[in-house]
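Hi everyone, thanks for making time this morning. I'd like to walk you through one protein model, so let me put the sequence and the structure up on the screen.

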Amino acid sequence: MHSTSRTAGPALLACLFLAGCSSVPLGMTDPSSSGAAVPAVSASGAAGGPRSIAVGAGPQEHYTVQQQPAAGSCHYRNEKGEPLEDPKCTPGAISPAVTQANLKSTICRKGGYTSGVRPSAYVTGKEKKLNAASYGYTGRMGDAEYDHLISLQLGGDPNDYRNLWVEPADPGHRTGTGVNNKKDPVETKLHTAVCAGKITLAQAQQAIVTDWTTALSTLHVH
């Protein structure tokens with residue numbers, strides 16, 4: 001690592017004075033260089049309460065492989081025996097193309113929305129291998145899902161690195177039987193509730209990034 005000069009240059013001092021600088025985790029490129037928004041966390045979010053969720057680039061005509069967090073820098077958590085993402089590496093990101101006002105023409109429209117915005121397997125396959133290294137995942141790749149933390153059916157960004165992680169199989173999962181986890185049904189129930197007007201899109205998104213294992217009970221969705 002290069003050492004930092006003891007004397008800050010005029011440009012750096014000006015940047016700090018104006019509070020316009022942003023830091024980027026080691027091993028990663030600046031997301032803003034590709035048009036992605038830098039995560040914004042509210043003051044209450046820093047204390048553990050509801051936080052602002054980053055807005056990604058949204059659906060693209062041509063997706064490119066996104067750089068992932070540095071190898072070994074992300075760590076799984078466990079709640080109720082279920083694997084959860086590292087919120088520092090995977091805080092979630094929403095798509096600007098999906099809002100509360102346009103639900104009927106996006107995620108709630110008949111005929112489906114997700115297939116038209118999902119990145120190709122060519123792109124996500126490469127990202128999955130890189131992200132597995134980020135999380136130190138060494139299990140069978142076929143048993144792990146490259147998962148959108150905020151699912152596409154809940155307005156999650158399709159290819160923002162902050163919204164994708166290698167989700168390991170549930171405890172007790174039989175090796176070699178493919179992807180099968182308890183998070184998917186939770187997402188479907190939340191999607192149904194959003195489209196029925198029982199909860200808002202923002203409530204569903206916030207519940208997922210907080211803890212998907214408690215999302216249904218928190219929002220009283222059955």
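Let's start with the chain as a whole: it has 222 residues, and 42% of them are buried. Please keep in mind that this is a predicted model. The mean pLDDT of the chain is 80, with 74% of the residues at 70 or more. The stretch to treat with care is residues 1-48, where the pLDDT is below 50. That stretch still has 40 contacts in the model beyond its near neighbours in sequence.

On to the secondary structure. There are 6 helices and 6 strands. Read from the N terminus, the order is α-α-β-β-β-β-α-β-β-α-α-α. If you take the contacts between residues at least 6 apart in sequence, 73% of them join residues at least 24 apart.

Next, the cross-links. How many disulfides does the structure hold? The count is 2, and I'll take them one by one.

One disulfide is between Cys74 and Cys89, with an S to S distance of 2.1 Å. These cysteines are 15 residues apart, and both sit in loops: Cys74 between strand E1 (54-55) and strand E2 (77-79), Cys89 between strand E3 (82-84) and strand E4 (93-94). Is Cys74 buried or exposed? Its relative accessibility is 2%, so Cys74 counts as buried. Cys89 is buried as well, at 8% relative accessible area. As for the geometry, the torsion about the S-S bond of Cys74 and Cys89 is about -100°, which makes this disulfide left-handed.

The other disulfide joins Cys108 to Cys195, S to S 2.0 Å. This pair spans 87 residues, from Cys108 in the loop between E4 and H3 to Cys195 in helix H4. Why do we call the disulfide of Cys108 and Cys195 left-handed? Because the torsion about its S-S bond is about -90°. Both of its ends are partly exposed: Cys108 has a relative accessible area of 23%, and Cys195 has a relative accessibility of 35%.

Now for a residue I'd like you to zoom in on, Glu85. You'll find Glu85 in the loop between E3 and E4. Glu85 is a charged residue by type, and its relative accessible area is 1%, so it is buried. What does Glu85 touch, leaving out residues up to four places away in sequence? The list is His75, Arg77, Thr90, Tyr135, Leu149, Trp165 and Val209. For one of these, His75, I can add a C-alpha to C-alpha distance from Glu85 of 7.4 Å, with their positions 10 residues apart along the chain.

Val209 from that list takes us to helix H5, residues 201-210. H5 is mostly covered, with 7 of its 10 residues buried. The buried ones are Leu201, Ala204, Gln205, Gln206, Ala207, Ile208 and Val209. As a reminder, an α-helix has 3.6 residues a turn, so residues three or four places apart point the same way. What covers the buried residues of H5? The cover includes E4, H4 and helix H6 (215-219).

Just past that, in the segment after H6, is His220. Most residues other than glycine have a negative phi. His220 is not a glycine, yet its phi is positive, at about 55°. At 65% relative accessibility, His220 counts as exposed.

Last stop, for those of you who like pockets: the second largest one. Its volume is about 270 Å³, and 16 residues line it. Which residues lie nearest the centre of this pocket? They are Arg118, Glu145, Tyr146, His148 and Leu152. Helix H3 (121-135), strand E5 (145-148) and helix H4 (183-195) are the elements that give two or more residues to the lining. E5 gives the most, with 4 residues. By type, the lining of this second largest pocket divides into 5 nonpolar, 6 polar and 5 charged residues.

That's my tour. Thanks for listening, and I'm happy to rotate the view to any part you'd like to see again.

Conventions. Residues are numbered from 1 along each chain as its sequence is written. This is a predicted model: local features need pLDDT of at least 70, side-chain atom pairs count only at pLDDT 80 or more; totals for chains, interfaces and linings use all residues. Side-chain values use heavy atoms; hydrogens and water are left out. On a 1 Å grid over the protein atoms alone, a cavity is a set of points where a 1.4 Å probe fits but cannot get out, and a pocket is an open set with protein on both sides within 12 Å along at least five of seven lines; lining residues have an atom within 4 Å of a point. Grid points are joined across faces, edges and corners, and a volume is the space filled by probe spheres set on the points. pLDDT is the predictor's confidence in each residue, from 0 to 100. Contact means heavy atoms within 4.5 Å. A disulfide is a pair of cysteine sulfur atoms within 2.5 Å. Buried means under 20% relative accessible area, exposed over 50%, partly exposed in between (1.4 Å probe, protein chains only).
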